[in-house]
Amino acid sequence: MSPGGSPATDFSVALLGEFIALGVRDIVLSPGARSQALALAAAEFELAGLVRLRVRIDERVGGFLALGLAVETRMPVLVITTSGTAVANLHPAVLEAHHSGVPLILLTADRPEELRGIGSNQTTDQLGIFGPAVHFVRDVAAPSSTGFSPEYPGELAHEAFAAAAGHSSPAGPVQLNLAFREPLSAAVATLPVVAAANGVSGGRPPRVTELAAAPETIVIAGQGAGPGAEVLARELGAPLIAEVASGARFGPNLVVAYRELLADREFGGRVRRAIVFGHPTLSREVPALLQRSDIETIVVRGPGFEDYDPARRATHIDATRYNGEPAERAWAGSWVHASRALLEVRGTETPDPRTDDRLAVAEFARAQLAVFRESVTRRMLVEAVWRVTWPHDRLVFGASRLVRDADRAVPGKAIPVHANRGLAGIDGTIATATGIALASEASGSAGTTRVLLGDLTLLHDAGSMLYGGGEPRPRLQVIVGNDGGGTIFDALEVAQTAPAGSFDRVLYTPQSVDFRALAEAYGWDYRLAGNRGELDEALAPCERPTLVEVPLSRG
């Protein structure tokens, strides 16, 4: 007979203890009857100070919260759900984790074998529900009253942890489908002694490919590229095209206005070799360049499951280094100078305030007031958010028009930036950012996590604004550019061909939500930034979740 009166509880305690011994420190769960043994065991481990537990009533929110935690900690995060549609609600986060190479371990509770296939409540086929998006799946039979092998939980945990962490294949989500019989839980008698976490030994180190010198080379950094792309660009003396969430958008070779230059025969037309890091998603010009037959493309494999290769003929390598001399500065320098010229904005001259001339001082004051009252544009918004964000902060972009505006305009700056660009969906942006904020604060960061997104992206994930009793509220600032709908579609070809009424109804999808009321309903602070001065004030660091609404024109 089970020592604790419930085999489900005994097995759950043993399994979670093994994951904690491997280094897991974060668990996200949603409530449910079939998963109650896992949930109660997780609560006991939290009380013992061994894990950080987060509870969300919506499994889709929980999945993306776990994604954000894993992005920030770079460690697998456990996700606990009950059976049925609860499991299916994890699918958007699972797909993003799969395509971005983020390690999640899904513990999905299920009915035992005798209750499957007979129409039992909340029972469906949970094996294969995520298809190839999970890298490892085990259907674990319900533990019986006679107990289970003491080694079995450890074997399962080691397999799942190693698969999620990418020790023999790309990192990503894995699933343990855990069947439980009644009694579904009992009081947790004792917790196992958890040894210091050493983790599972890693796989073979990546094979490093030595690069040869080549003329007219550029380096391209997409989502997940990391700072190695910037290092290589400097070593090669190559122009660096680094998307805003690449982790490589800094350095002397950075080319911000890359779209225009890639389309220019004097710049993009001269490129003969492109070295790609990560997953570029923010422009059409990059894939168009790589599809040219006269371009040699070398792709440094990123964390995602699929290698980026729009022309289907790139050379794929694990890692690279270059020990030669950099190219003549004229090559990268011409790109950098041309980019700066394209971005240059001529400011209006204002009087010199360092004067005793009362008329000049008054004119300066009027000019400053005019600047303060200036309506916020998209470029002004992205530049303001970028300007106030520093290395101790975190910045998260939603899959909105604003991330592209930022990519076109903001200068180089080595700050932590994230965006869910694996599938570039609008799902779970606030939940992901919440996970990033909670994890960064747990590590000792005193910064603010800012989320810049559009109104539809926010509304798609409004449920993530809910914090239940006992759940910590991070220093999270959600900045919503409210232009009344999906203006990202206005820039697509369909806007020129579709009837205006139909276009607005099914693509632009206008909305008139009262964001102040939404913030108050969820217990958030609220700021309205109707002009430039109010925006600068609203972007000050916050101590609790804050929604900043910035009205924008549709154009």
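This report describes selected strands, helices and backbone features of one protein chain. The structure is a predicted model.

**The five-stranded sheet**

Five strands form an open sheet with parallel pairing, in the order β9-β8-β10-β11-β12. At its edges lie β9, residues 240-242, and β12, residues 315-317, each of which pairs on one side only. On average, neighbouring strands of this sheet are turned by 20 degrees against each other, direction ignored. One pairing may serve as an illustration. Strand β8 covers residues 217-221 and is joined to β9 in the parallel sense over three bridges. Within this pair, A221 stands opposite A242 of β9.

**A β-α-β unit and a buried valine**

Another parallel pair consists of β18, residues 525-528, and β19, residues 546-551, with four bridges between them. In this pair R527 is found opposite V548 of β19. Together with helix α19, residues 532-538, the strands β18 and β19 make a β-α-β unit that is right-handed.

Strand β19 also contains V550. Is V550 buried or exposed? Its relative accessibility is 0%, and V550 therefore counts as buried. Leaving aside residues up to four places away in sequence, V550 touches V376, L381, I479, V480, G481, N482, A529 and L535. By contrast, A37 is 513 residues away from V550 in sequence, and the two C-alpha atoms are 45 Å apart in space.

**Helix α12 against helix α13**

Two packed helices are described by the angle between their axes and the distance between the axes. For α12, residues 378-388, and α13, residues 401-409, the angle is about 75 degrees and the axes are 9 Å apart. Because angles of 65 to 115 degrees count as roughly perpendicular, α12 is roughly perpendicular to α13. On the α12 side the contact involves R378, R379, L381, V382 and E383, which meet R401, L402, D405, A406 and A409 of α13. Sorted by class, this contact of α12 with α13 holds five nonpolar and five charged residues, and no polar ones. L381 of α12 is also one of the residues that V550 touches.

**Helix α5**

Helix α5 spans residues 91-100, and its buried residues are A93, V94, E96, A97, H98 and S100. Among the elements that cover these buried residues of α5 are α3 (59-73), β4 (104-110) and β6. After α5 comes G101, which has a positive phi near 70 degrees.

**Unusual backbone geometry**

Most residues other than glycine have a negative phi, and most peptide bonds are trans. Two residues that are not glycines nevertheless have a positive phi: R312 and T509. They are set side by side below.

| Residue | Phi | Place | Relative accessibility |
|---|---|---|---|
| R312 | about 60 degrees | loop between β11 (296-300) and β12 | 77%, exposed |
| T509 | about 45 degrees | loop between α17 (500-508) and α18 (515-521) | 29%, partly exposed |

The cut-offs explain the two labels. Exposed means over 50% relative accessible area, and partly exposed lies between 20% and 50%. R312, at 77%, therefore counts as exposed, whereas T509, at 29%, counts as partly exposed.

Where is the place of P183? P183 belongs to the loop between β6 (173-179) and β7 (208-210). The peptide bond that leads from E182 to P183 is cis, with omega near 0 degrees.

Definitions and conventions
Residues numbered from 1 in each chain as written. Predicted model: local features only at pLDDT ≥ 70, side-chain atom pairs only at ≥ 80, totals over all residues. Heavy atoms only, no water. Pairing = 2+ DSSP bridges. Helix = DSSP H or I, 4+ residues; strand = E, 2+ residues; numbered from the N terminus. Axes fitted to C-alpha atoms, helices over the stretch in contact; angles between N-to-C directions. Right-handed = clockwise from strand over helix to strand, strands pointing away. Buried < 20%, exposed > 50% of the residue type's maximum accessible area, 1.4 Å probe, protein only. Parallel < 35°, antiparallel > 145°, perpendicular 65-115°, else oblique. Contact = heavy atoms within 4.5 Å. Nonpolar A, V, L, I, M, F, W, Y, C, P; charged D, E, K, R; others polar.
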